[in-house]
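Subject: Structure for your review

Dear colleague,

Please find below the structure that I am handing over to you. A short account of the findings follows it.

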Amino acid sequence: MKNHVIYQVSTMIALLSGQYDGSVSFGKLKEYGDFGIGTFHQLDGEMIAFDGGFYHLYPDGSARPVSLEESTPFSTVTFFEQDQTLLVHTPLARSELEQVIHTLLPSPNIFYAIRIDGHFREVHTRTVSHQDKPYKPFVEVTENEPSFHFSNEDGVIAGFWMPAFAQGIGVSGYHLHYINDARNGGGHVLDFIVEHCTISICSSEDLRLKLPHNDDYLKADLAAASLNEDIAAAEGPR
């Protein structure tokens with residue numbers, strides 16, 4: 001099993017606390033991975049990347065290629081080389097497909113990049129919207145964000161599985177983003193039903209963390225008393 005480095009900008013705890021200023025450009029981020037997920041300066045939408053293409057998923061549910069001058073306050077990327085693949089021919093909901101994926105993981109205690117290429121009966125997404133200072137906490141931002149439904153289309157889901165001990169650094173369990181094959185719509189995945197798909201998995205035992213170095217971050221109180229509850233609320237209903 002070849003090991004791959006996962007490179008992450010900042011932490012989920014920092015994002016929850018309202019640290020939305022971009023600290024790494026996407027031009028720089030591409031040096032560390034061709035696959036991943038994240039968000040944008042001032043929380044202006046979601047990011048998905050695969051096959052070296054980076055896409056900006058906007059708050060209206062649309063999608064366009066990322067400008068390399070844009071920056072991110074929180075993203076996770078890796079160079080994706082699959083260790084395992086599985087063809088699924090049976091319609092499955094998100095929870096059912098995650099159970100299938102989990103049986104493929106050699107251990108719950110390392111990191112995995114997950115890619116799902118398939119035909120989706122439906123995908124339910126949400127996308128965060130542009131914020132201005134003073135920034136509200138992430139949970140407040142996501143409380144009333146609009147959600148979108150994509151139906152009967154081919155698309156790609158990309159994301160990561162992170163171990164329980166990584167909660168707060170990232171999101172423990174599955175954190176997934178979606179884009180359709182037309183590359184004109186997608187978002188943060190809340191739920192889906194896939195008709196058939198190919199699951200690809202890339203494992204990693206190395207996590208490289210790039211923390212911001214600005215006054216807001218250095219002076220922030222990142223003690224999270226209700227971390228699990230806040231992440232569950234921010235990630236959305238399942």
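The model is predicted, and I begin with one of its charged pairs. Arg126 and Glu46 form a salt bridge, in which the closest N and O atoms are 3.5 Å apart. This pair links distant parts of the chain: Arg126 belongs to strand β11 (residues 111–126) and Glu46 to strand β4 (residues 46–50), with the two positions 80 residues apart. Are the two partners buried or exposed? Arg126 has a relative accessible area of 6%, and Glu46 has one of 5%. Because buried means under 20% relative accessible area, Arg126 counts as buried, and Glu46 does as well.

In total, a search of the whole structure finds 9 salt bridges. As general background, side chains of opposite charge can pair when their charged atoms come close.

Two further pairs also involve arginine residues. Glu195 forms a salt bridge with Arg121, with 2.6 Å between the closest N and O atoms. Glu195 lies in strand β14 (residues 186–204) and Arg121 in strand β11, so this salt bridge ties together parts of the chain that are 74 residues apart in sequence. Arg121 is partly exposed, at a relative accessible area of 35%.

The other pair consists of Asp117 and Arg115, whose side chains meet in a salt bridge at 2.8 Å, N to O. Here Asp117 is partly exposed, with a relative accessibility of 25%, whereas Arg115 is buried, with 13%.

Salt bridges also link Asp21, Lys133 and Asp216 in a network.

I turn now to the strands. An open sheet is formed by 7 strands, in the order β6-β5-β4-β3-β8-β1-β15, and their pairing is mixed. Which strands lie at the edges of this sheet? They are β6 (63–65) and β15 (206–210), each of which pairs on one side only. From one strand to the next, the twist averages 20°. Strand β4, which holds Glu46 of the salt bridge with Arg126, is one of the strands in this sheet.

At the β15 end of the order, strand β1 (residues 5–9) pairs with β15 in the parallel sense, over 5 bridges. Within this pairing, Val9 has Lys210 of β15 as its bridge partner.

For a first look at the structure, I would suggest starting with the pair Arg126 and Glu46, which joins strands β11 and β4.

With kind regards

Conventions:
Residues are numbered from 1 along each chain as its sequence is written. This is a predicted model: local features need pLDDT of at least 70, side-chain atom pairs count only at pLDDT 80 or more; totals for chains, interfaces and linings use all residues. Side-chain values use heavy atoms; hydrogens and water are left out. A salt bridge is a side-chain nitrogen of Lys or Arg within 4 Å of a carboxyl oxygen of Asp or Glu. Helices (H or I, at least four residues) and strands (E, at least two) are DSSP runs, numbered from the N terminus. Buried means under 20% relative accessible area, exposed over 50%, partly exposed in between (1.4 Å probe, protein chains only). Two strands pair if DSSP finds at least two bridges between them. Axes are lines fitted to C-alpha atoms, for helices over the stretch in contact, and angles run from 0 to 180 degrees between N-to-C directions.
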